[in-house]
Amino acid sequence: DRQTLVAVLQFLRRSNLRESEEILRREARLLGDDLGGNVATVATSSPGVAAVAAVPPGKGEARGDCGINPSSRREPGKREPVCCSQPPGLSVMLGRKGAVVVEDQPDVSAVLSAYNQQGDPTLYEEYYSGLKHFIECSLDCHRAELSQLFYPLFVHMYLELVYNQHESEAKSFFERFHGDQECYYQDDLRVLSSLTKKEHMKGNETMLDFRTSKFVLRISRDSYQLLKRHLQEKQNNQIWNIVQEHLYIDIFDGMPRSKQQIDAMVGSLAGEAKREANKAKVFFGLLKEPEFDVPLDDEDEEGENEEGKPKKKKPKKDNVGSKSKKQDPNAPPQNRIPLPELKDSDKLDKVMNMKEAARRVRLGPECLPSICFYTFLNAYQGLTAVDITDDSSMIVGGFADSTVRVWSVTPKKLRSVKTAADLSLIDKESDDVLERIMDEKTASELKILYGHSGPVYGTSFSPDRNYLLSCSEDGTVRLWSLQTFTCLVGYKGHNYPVWDTQFSPYGYYFVSGGHDRVARLWATDHYQPLRIFAGHLADVTCTRFHPNSNYIATGSADRTIRLWDVLNGNCVRIFTGHKGPIHSLAFSPNGRFLATGATDGRVLLWDIGHGLMVGELKGHTDTVYALRFSRDGEILASGSMDNTVRLWDAVKAFEDLETDDFTTATGHINLPENSQDLLLGTYMTKSTPVVHLHFTRRNLLLAAGAYSSQ
């Protein structure tokens, strides 16, 4: 659209942003030749500004390969981890309505220009109550769907009044109607109530989100026609303009959804996910395990004369091997993303893992795991993060006094490598050289790592137990060596607190998420991120790798969960339904399902392949901070601030799933009324909120938290 482009260029020239103007000219001409006149915009990786994809000329919708509707400007399109040589934090956004320029310190006059064409401010209450009366008097089947309009219309009408300086009308409008909104929007309304003057809007992020991301409503065609007819008959242009300008109505054919079905899915900052957002193919299967021979060393010693023993074990081992030899039809190609090669020590660890697995307890409703709780006593420094190694030999705590503390939970003490001077004295040819390089004198069961300058919010051990990651309020992620117990690298990319970090199940890669609303993918040997996942409208509070390492899940304070493709940085799933910020994520061991926990105390279960919510586990009365599936996926454990660990029957939760085409297409999910029959047990602590859960290789459940005296 040349007109739009010209308008943007003129705006840039007026604002003296010559450099940006040049970049845009160059970019447009470059892409103009390649894409037959498409106008593309420049993506920046500045905090809080999403990149925007190209808009083909003369179309309302962007092409399918973008996965983005130009009008919903904050949806993540195709994203490359590139940084353009542009003034920091400037992103040019093109929608249907001309151009909007958003800077890091938002130029509100530009962003809010749409709030200019005004009707009579005194009639706003009348318009809103007229629509409210119409919706409340419509048939039951339509009422539930149309009620979704109340909240976004209320916010936009209020903001319009404030922006146009009708302060008394805005105040009376807010007081009259804010009580009608759903309870899960209370926090957003609290922020909104503090915006009473045009000046207040200047740097307000919530405000900006509402303007730049279209609120998504999913409504059946019949309900939509009813609404349209009503607004046109009443000539209620004010509301119709807002609907067209600020809302994205995702219309589906078929029966309207019931109140329960809608309530299960709504509640996020920008409404529901569009159905299109969850259509991309996801390879949720597991990668084939590498094959290698299992040495039978310790069994040979057990009894050479009892030949039965090793023989009996041998076929068992083959089973473990053969299980992974079949290629999972839903798995990604083995070389889809480059993964590190197995070292000898990794192979040894896999062998140990197989031996442990052979002795694993099969869990189920009849056989619940024992739970071992690690309570951090006298943690006056404030425990903010916990992780346990895969083989359950070490536990790490991140503390608010900016220290990271590592404990050994086995009789083996933590030893570090000797100093350089001592190492030079060692005979390098001796057989036990690996033992000799370790310093026995300084061995202890606790090591303290100093380096961060703010509370440590996330910790993660590498799968091979050689490294440890920690992330902090100071904006850095640090990589520590567990051989020397020193800091190797500080990764700087986030400008604000980093809330979570996690190693890939294959090591080498790790992910971090923070207050700047983006998640970043890193590799240990690169000091710049490899991918930047932008799209959330608020802090990224937790991050998790999929078991096949090709995908990353992020939970956010915008009350949504997104699944990102590591290969190209695309967002392939958006899950809405939680009513508060997300604080825990767990993938099932087979990679098919995702469990999520939030401040609303609910645990939601998602089918990744179909992009659907398939379960809701109610029981916790406070934030769910920890989720973990047992090693074979039979049981889901959840730990919460309400001082309990709860065990749920995962097999039963995921059986008989209705994932027919209709459900997938329209999102008519039918959750069982009562999740109590899935609850297998509740275990109270005396006064310890549960921060972390971990199943050992033999399915013993380890839990951790700090004792709180109040």
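Visitor: Of the chain's contacts between residues at least 6 apart in sequence, what share joins residues at least 24 apart?
Guide: Contact here means heavy atoms within 4.5 Å. This is a predicted model, where local features need pLDDT of at least 70, side-chain atom pairs count only at pLDDT 80 or more, and totals for chains, interfaces and linings use all residues. Residues are numbered from 1 along each chain as its sequence is written, and side-chain values use heavy atoms, with hydrogens and water left out. Among those contacts, the share joining residues at least 24 apart is 61%.

Visitor: How much of the chain counts as buried?
Guide: Buried means under 20% relative accessible area, exposed over 50%, and partly exposed in between, with a 1.4 Å probe and protein chains only. Of the 710 residues, the buried share is 54%.

Visitor: Which helix gives the most to the largest nonpolar core?
Guide: A nonpolar core is a set of buried Ala, Val, Leu, Ile, Met, Phe, Trp, Tyr and Cys residues joined through side-chain atoms within 4.5 Å. The largest one has 44 residues, and Leu149, Phe154, Phe173 and Leu192 have the most contacts inside it. Helices are DSSP runs of H or I with at least four residues, strands are runs of E with at least two, and both are numbered from the N terminus. With 11 residues in this core, the top giver is helix H6 (residues 150-163).

Visitor: Leaving aside neighbours within four places in sequence, which residues does Phe173 contact?
Guide: Phe173 is one of the residues with the most contacts inside the largest core. Setting those sequence neighbours aside, its partners are Tyr124, Glu125, Tyr128, Phe154, Met157, Tyr158 and Leu161.

Visitor: And H15, which of its residues are buried?
Guide: Helix H15 covers residues 344-358 and reaches 21 Å from its first C-alpha to its last, close to the 21 Å expected. That expected span is 1.5 Å times one less than the number of residues. The buried ones in H15 are Asp346, Asp349, Val351, Met354 and Lys355.

Visitor: Over residues 617-649, how much of the chain is strand?
Guide: An unreviewed UniProt entry places "repeat: WD" features at several stretches, including 491-522 and 617-649; such positions are given in the numbering used here, feature names are shortened, and annotations may be inferred rather than shown by experiment. Residues 491-522 are 0% helix and 59% strand, with end C-alpha atoms 9 Å apart. Over 617-649 the ends are 10 Å apart, helix is 0%, and strand is 58%.

Visitor: How many disulfides does the count come to?
Guide: A disulfide is a pair of cysteine sulfur atoms within 2.5 Å. Cys542 is buried at 5% relative accessible area, and Cys571 is buried at 16%. By the sulfur rule, the count of disulfides is zero.
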